2 protein chains.
Amino acid sequence: MARKTKEDAAITRQRIIDAAREVFAARGVSRTSIEHIASHAEVTRGAVYWHFKNKIELFYAMRDQAFLPFIDHIDAAALNEESEDPLSTIEQFFENTIQTLNHDAAIREIYEIMMVKCEYVDEFTAVLQQIVTNCHYFIEKLQLLYERAQQKGQLNIGLDPVALALDSHLFFSGLLHMWVKDSRAEGFRQQANTLIRQHIGLRKRAIP
Amino acid sequence: MARKTKEDAAITRQRIIDAAREVFAARGVSRTSIEHIASHAEVTRGAVYWHFKNKIELFYAMRDQAFLPFIDHIDAAALNEESEDPLSTIEQFFENTIQTLNHDAAIREIYEIMMVKCEYVDEFTAVLQQIVTNCHYFIEKLQLLYERAQQKGQLNIGLDPVALALDSHLFFSGLLHMWVKDSRAEGFRQQANTLIRQHIGLRKRAIP
DNA sequence: GTTTACATACAATCATGTTTGTATATAATA
DNA sequence: TATTATATACAAACATGATTGTATGTAAAC
């Protein structure tokens, strides 16, 4: 087949990434061969190997399409320094993430793949470490927000922003995991927002 | 080779399970071949296929060695009805689980495999569903304990046992995940007990 | 004309499930 | 109690298919 224009090539590249995501989600990363991805994207393995060195490079490309926006989302929440209501900022952040999972099938698939359809061994161990690094970054931002909430008197007395940040991170991590695992929408997915509000409610200063 | 006695066969079987666990932990479930397991157990594939139909049956056998005791542990905590201090029962349960992970390398490996070294697709999707079922069971027991804590006046006023149970489950689920992922003991593992106490502390009625 | 963007062909492993072979533990029988 | 029959606990061989990376070919864009 003939050479394509640069824009065409970019389209092919994205098609391959999309195909990879879909096949990963259906068959798991390990059981997915380059041929599976190629035929699903309606190209040959040659095209895949042209755009990506191997499977893990493709995996990284796919991951970035969900995680770069997520980082931006975290930063946006934390950077809003003039917010009058830091506690609500946290709550909104959690709810928005769940919203995104509900509405964006691609993002949802990427989370699913990374949480229950990928084995973090060999070349993939680095991915796990990057996730952990991101978690620490996320915890930092949560701590910042809780500190601001404390300054504004939103928190119950005696609560420590550091502890709250860690606790909220574990809560949210657990929530995402349950959300993904409960793929038949048996309840958890509908309950998510309620759970978030209750979680934040636990910290909120009682209105006298 | 010759036929072994029943006890010898049982030993061989357990050796194969142990070998499977070790190789799964090192290479991930998908990348592990029956031959890998066999040679690690110092038997041939024939022995493995004699004792187990295929890889997933072996996986189930391995899993049960960690999860059956875990269920018992949950039941033991919830059945202790005369406990004067249900909140501490919960706290102890969390801490004991972490203790087990710290001291029992086999259990630790099984958790690791199930959380980050296994892809839940095809024959493995059933495993995920079973995990979710177990989670719901766990949440029920937590709810029971929180109800007892409420009756004994241990909880802060206005807290709902149902909400607390879900929140604690998410916390614990997130904690286990972080514990497993933080394999280089960079902090999370040491912090676990502190986090548990703080989490429970959030619910505890302030001593007047 | 050269580089790009692929398709096609090649070579080399590797894994799976099954089948067959076999020595012996164990139960049945005499 | 000694003998025999059979099921057991594997090892070894077989047949088949899948996957990977690379190497080569090619037509069109630049």
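A polar contact here is a pair of N or O atoms within 3.5 Å; within protein, one must be able to donate a hydrogen and the other to accept it, and residues adjacent in sequence count only if both atoms are side-chain atoms. This is a predicted model, where local features need pLDDT of at least 70, side-chain atom pairs count only at pLDDT 80 or more, and totals for chains, interfaces and linings use all residues. Residues are numbered from 1 along each chain as its sequence is written, chains are lettered from A and ligands numbered from 1 in the order in which they are written, and side-chain values use heavy atoms, leaving out hydrogens and water.

**View 1. Side chains meeting DNA strand C.** A polar side-chain atom of B:Arg45 sits 2.4 Å from a base oxygen of the strand. B:Tyr49 goes for the backbone instead: an N or O atom of its side chain is 2.4 Å from a phosphate oxygen. For A:Thr12, the distance to a phosphate oxygen is 3.3 Å.

**View 2. Who surrounds DNA strand C.** There are 23 residues around the strand, and A:Arg3, A:Thr44, B:Arg3, B:Arg45 and B:Tyr49 come nearest (near means a heavy atom within 4 Å). Of the strand's atoms within 4 Å of the protein, 67% belong to sugar or phosphate. α3(A) gives the most to this surface, with 5 residues (helices are DSSP runs of H or I, at least four residues, numbered from the N terminus).

**View 3. Helix α7 of chain A.** Running through residues 125-151, this helix has 27 residues. Buried residues (under 20% relative accessible area, 1.4 Å probe, protein chains only) include A:Leu128, A:Phe138 and A:Arg148. After the helix comes A:Gly153, with a positive phi near 70°.

Conventions:
Helix = DSSP H or I, 4+ residues; strand = E, 2+ residues; numbered from the N terminus. Expected span 1.5 Å × (residues − 1). Buried < 20%, exposed > 50% of the residue type's maximum accessible area, 1.4 Å probe, protein only.
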